[in-house]
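Biologist: I would like a close look at a single part of this protein, taken slowly and with its surroundings. Could you begin with the helix and then move outward from there?

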Amino acid sequence: TLSAFGYFSIGCIDLGGAFAEDSLDASPRVCHVRLSDDLRMMVSILEASGKYRLVVVDTSVLSRRSEELRHVAAQCGHISEQIANVQNAVKAMAKKWEEATAALERHVEPLAHQLRCFDRPNSPEQELFMMLTCGVTSAALQRYIADLQEQSLQRLGKTLDQTCAEVEHIAATTLTPASQALVFRLHDMLGLAEWTAKFELDAKVVRALLHDAQQLLLKAQETLVWVREARTNFAAFTVWLQAVWRKNQKPHLEASDRKHVAHVDIDRLVTLLSGELLHGHIT
């Protein structure tokens with residue numbers, strides 16, 4: 001099988017006929033292959049059962065289409081590189097997000113445990129949402145708040161903020177540029193496909209790939225917006241929990257603590273506690 005710079009197959013040659021007159025116990029082995037610099041001739045040395053054959057194949061068709069092959073192969077190389085960049089970026093983002101989700105789950109698990117102990121049917125998110133919107137704190141939630149430590153809340157906030165910053169950086173510097181490059185390269189490929197007199201490419205397939213690349217770019221841009229929102233939402237969540245903890249520890253809040261509570265963004269908390277707190281977004 002012949003390929004253009006290793007990117008895609010351009011033909012298949014059966015060399016087994018070199019031993020057509022011999023009865024062989026095994027398939028011939030290719031000892032050496034060389035394609036001439038002008039692509040007009042391919043020389044192969046085959047071996048089977050101790051016998052050798054020199055096979056010369058006319059490949060002048062490759063020479064006639066060399067310009068087209070080089071052009072398409074170059075585009076395929078660029079596209080393959082950007083696909084690899086996208087895959088690596090998504091894997092890195094997913095790994096970072098898993099770490100943040102695991103930290104958040106470890107922090108919320110004690111509340112889930114208290115809810116099971118008190119036979120509460122609600123999820124941790126629902127309990128926190130009720131406390132936020134209605135001021136209702138169940139015995140399980142009160143126990144959870146009493147066991148909180150301010151340092152652990154601060155560590156959680158730092159972990160979530162750092163993870164969101166890293167995910168945003170990967171999305172901005174790798175995922176989005178790679179998606180843009182894919183769209184650009186596939187636009188070029190579509191131009192080649194529509195030049196039917198010179199290139200034999202399936203324009204329908206290229207259009208489908210271009211559509212997928214455009215959707216990928218849109219999703220990359222949405223991810224940037226989402227992770228920036230998530231970063232702010234998580235910051236509001238940890239600030240709110242610290243304010244709740246302070247109020248529980250000190251029923252008579254000092255002026256500085258009252259000011260701290262006043263800066264909690266309720267709208268962001270409602271969004272976060274309505275189902276996005278423990279949602280695995282990056283897949």
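Modeller: This is a predicted model, and the part to begin with is helix H2, which runs over residues 66–117 and holds 52 residues. From its first C-alpha to its last, H2 reaches 74 Å, close to the 76 Å expected at 1.5 Å a residue. The helix does have a kink, of about 35 degrees, which lies at Val108, shortly before the proline Pro110. After H2 comes Asp119, whose phi is positive, near 55 degrees.

H2 also takes part in the largest pocket, which has a volume of about 410 Å³. That pocket is lined by 18 residues, and those nearest its centre are Phe8, Ile10, Leu62, Arg65 and Leu69. Besides H2, the elements that give two or more residues to this lining are strand E2 (9–11), strand E5 (51–58) and helix H1 (60–64). Sorted by class, the lining has 11 nonpolar residues, together with three polar and four charged ones.

Strand E5, one of the elements of that lining, is also the place of Lys51. With a relative accessibility of 39%, Lys51 counts as partly exposed, because that value falls between the 20% under which a residue is buried and the 50% over which a residue is exposed. Although Lys51 and Phe19 are 32 residues apart along the chain, their C-alpha atoms are separated by 9.0 Å.

Aromatic rings offer another view of the structure, and here the count comes to four aromatic pairs. One pair is formed by Phe237 and Trp240, whose rings are 6.4 Å apart centre to centre, with 45 degrees between the planes, and the pair is therefore classed as tilted, since planes under 30 degrees apart would count as stacked and those over 60 as edge-to-face. Both residues lie in helix H6 (residues 203–249), three residues apart, which is about one turn of the helix. Phe237 has a relative accessibility of 1% and so counts as buried, and Trp240, at 8%, counts as buried by the cut-off of under 20%. There is also one aromatic cluster, formed by Trp97, Trp226 and Phe234. Trp97 in this cluster has a number that falls within residues 66–117, the range of H2, which brings the account back to the helix where it began.

Technical notes. Residues are numbered from 1 along each chain as its sequence is written. This is a predicted model: local features need pLDDT of at least 70, side-chain atom pairs count only at pLDDT 80 or more; totals for chains, interfaces and linings use all residues. Side-chain values use heavy atoms; hydrogens and water are left out. Helices (H or I, at least four residues) and strands (E, at least two) are DSSP runs, numbered from the N terminus. The expected span of a helix is 1.5 Å times one less than its number of residues. The bend at a residue is the angle between axes fitted to the seven residues ending there and the seven starting there. On a 1 Å grid over the protein atoms alone, a cavity is a set of points where a 1.4 Å probe fits but cannot get out, and a pocket is an open set with protein on both sides within 12 Å along at least five of seven lines; lining residues have an atom within 4 Å of a point. Grid points are joined across faces, edges and corners, and a volume is the space filled by probe spheres set on the points. Ala, Val, Leu, Ile, Met, Phe, Trp, Tyr, Cys and Pro count as nonpolar, Asp, Glu, Lys and Arg as charged, and the others, Gly among them, as polar. Rings of Phe, Tyr and Trp (its six-membered ring) pair if their centres lie within 6.5 Å; planes under 30 degrees apart count as stacked, over 60 as edge-to-face and the rest as tilted. Buried means under 20% relative accessible area, exposed over 50%, partly exposed in between (1.4 Å probe, protein chains only).
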